[in-house]
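Subject: A structure for you to look at

Hello,

Here is the structure I promised to pass on. Please open it next to this email and follow along.

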Amino acid sequence: SPQLRFEGFTDDWEERKLSEGTSKIGDGLHGTPNYSDNGDVFFINGNNLVNGKIVITKETKLVTESNQSKDDKLLNMDTILMSINGTIGNLAWYNNERVMLGKSAAYLTVSNFDKKFIFSYLQTSTIKNYFLNNLTGTTIKNLGLKTIRDTTLFVPTLEEQQKIGSLFKQLDDTIALHQRKLDLFKEQKKGYLQKMFPKNGAKVPELRFAGFADDWEERKLSDLFIKGGSGGTPKSTNKAFYDGDIPFLGISDITKSNGFINNTEKHISSDGLNSSAAWIVSKGAISLAMYASVGKLAILNIDAATSQAFYNMIFDDYDLRDLVYQRLNKANELSEWNKLISTGTQSNLNADKVKNFQMYLPKNHDEIKLISTFFKQIDNTIALHQRKLDLLKEQKKGFLQKMFV
């Protein structure tokens, strides 16, 4: 029995196979369908299954209804879709979408178990680890249907299943609600970025605070900060260089940040710092990625060294810094860096192109401060909703560990 249970339930859970509670487990088409621009059915694979939903992207291709297999047409509301290649174990509810499944998507039609209970059970670390440890194939790893059918579960009575399933459904709905709110605020910010900075060829923005009418002036990025430069990387073969207490910013840190760096995965020693072109970038600086996640940026909330993949900018005016940060966010959102990227084995920026980046900014410092404060309030709201969302996900993770065997 699990660590945490609803009151009134004390019986041991029963060992069962997943196939015993499902009427059918199958996968999608292994061949290539006949794609059609005039199609009325979306051809989906495992990468279309995200956070419990079928996500249709602009890359999702269409097929005609006549291409659909019999199994696809028989999918019903008791069906769980699962990725069995690539993002192994990702799940989504089938919800009457007109879809045709590809070979990296499997379906499970739940019959003798509570479907919400099973949907949650399949998200536990126990089941995920079982799937990952039993993949088939050599160069391409797949989750086989036999492995899915033979998955061992421990299940309680149907009544207890339903209570557990309902709890996790409520959690998922709450998480989805906060995700929608977060996405809405991010979209609103994106809209303000486009309207509160001049568009190409314009000297004033579409949307301004009252009392300001002067044209903005064109400025070169290098004229706005007091110190700038890329970083460096100590030799990775010398373990002593990575056994220190100096935070060392890497691409993975900035990719998963929400615009602010509070810690880093790696730390280097003083010897490592002195052996390379790395330098201590002071707290409050902007770091902009020139490699890999080109254009991604963050403000350092700590003193840190960085690799050469970043261009770092130190400002003596935080209002100006915050405005530049938002303008560079706009450049990232609108892919303005793409035309400056050097092509080769890897698409990169370089320090000169960053320093020479041109932008229009207000002449009046009061306008700079008002815009900076406005966007800081939006960022604080986004950060608040992100923290709430992260907390809910952690709570769900804890319940998954404690409410299943």
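Below is what was found, starting with the whole chain and ending with single residues.

**The whole chain**

First, a caution: this is a predicted model. The protein chain has 405 residues, and 44% of them are buried. It holds 10 helices and 21 strands. Along its principal axes, the C-alpha trace spans about 70 × 55 × 45 Å.

**Helix α10 and its partner α5**

Start with α10, which runs over residues 365-402. How many residues does α10 have, and what should they span? There are 38 residues, and at 1.5 Å a residue they should span 56 Å. The end C-alpha atoms of α10 are 55 Å apart, so the model agrees with that figure.

Look at the start of α10 next. There, N364 points a side-chain oxygen at the backbone nitrogen of D366 and comes within 2.7 Å of it.

Now find the helix that packs on α10. One partner is α5, residues 158-195. How do we describe such a pair? Two packed helices are described by the angle between their axes and by the distance between those axes. For α5 and α10, the angle is about 160° and the axes are 10 Å apart. An angle over 145 degrees counts as roughly antiparallel. The two helices α5 and α10 are therefore roughly antiparallel to each other. Their crossing is left-handed. By class, the contact of α5 with α10 has 15 nonpolar, 6 polar and 8 charged residues.

**Helix α8**

Helix α8 also packs against α10. Here the angle is about 60°, and the axes lie 8 Å apart. That makes α8 and α10 oblique to each other, because the angle of about 60° is in neither the parallel, the antiparallel nor the perpendicular range. The crossing of α8 and α10 is left-handed.

What about α8 itself? It covers residues 318-333, 16 residues in total. From first C-alpha to last it reaches 22 Å, close to the 22 Å expected at 1.5 Å a residue. Is α8 mostly covered or mostly open? It is mostly covered, with 13 of its 16 residues buried.

Both ends of α8 deserve a look. At the N-terminal end, D317 acts as a cap. A side-chain oxygen of D317 lies 3.0 Å from the backbone nitrogen of D319. Just after α8 comes S335, with a positive phi of about 55°.

**Two residues with positive phi**

Why point out a positive phi? Most residues other than glycine have a negative phi. S335 is not glycine, yet its phi is positive. S335 sits in the loop between α8 and α9 (351-355). With 39% relative accessibility, S335 counts as partly exposed.

N96 is another case: its phi is near 70°, and N96 is not glycine either. Where is N96? It is in the loop between β8 (91-93) and β9 (99-101). Is N96 buried or exposed? Its relative accessible area is 54%, so N96 is exposed.

**Buried residues in strands**

Try I80 now, in strand β7 (residues 79-83). Its relative accessible area is 0%, so I80 is buried. Which distance separates I80 and T109 in space? They are 6.4 Å apart, C-alpha to C-alpha, with their positions 29 residues apart in sequence.

I268 is in strand β16 (residues 266-268). At 0% relative accessibility, I268 counts as buried. I268 and D245 are 23 residues apart along the chain, and their C-alpha atoms are separated by 6.1 Å.

**Two aromatic residues**

W279 lies in the loop between α7 (270-274) and β17 (286-289). A residue is buried under 20% relative accessible area. W279 has 16%, so it is buried. W279 and Q170 are 109 residues apart in sequence, and 49 Å apart in space from C-alpha to C-alpha.

Y130 belongs to helix α3 (residues 125-132). Its relative accessible area is 27%, so Y130 is partly exposed. The C-alpha atoms of Y130 and K363 are separated by 61 Å, and the two residues are 233 residues apart along the chain.

Best wishes

How values were computed:
Residues numbered from 1 in each chain as written. Predicted model: local features only at pLDDT ≥ 70, side-chain atom pairs only at ≥ 80, totals over all residues. Heavy atoms only, no water. Axes fitted to C-alpha atoms, helices over the stretch in contact; angles between N-to-C directions. Helix = DSSP H or I, 4+ residues; strand = E, 2+ residues; numbered from the N terminus. Parallel < 35°, antiparallel > 145°, perpendicular 65-115°, else oblique. Left-handed = near helix turned anticlockwise from the far one by under 90°. Nonpolar A, V, L, I, M, F, W, Y, C, P; charged D, E, K, R; others polar. Expected span 1.5 Å × (residues − 1). Buried < 20%, exposed > 50% of the residue type's maximum accessible area, 1.4 Å probe, protein only. Polar contact = N/O pair within 3.5 Å; in protein donor to acceptor, adjacent residues only side chain to side chain.
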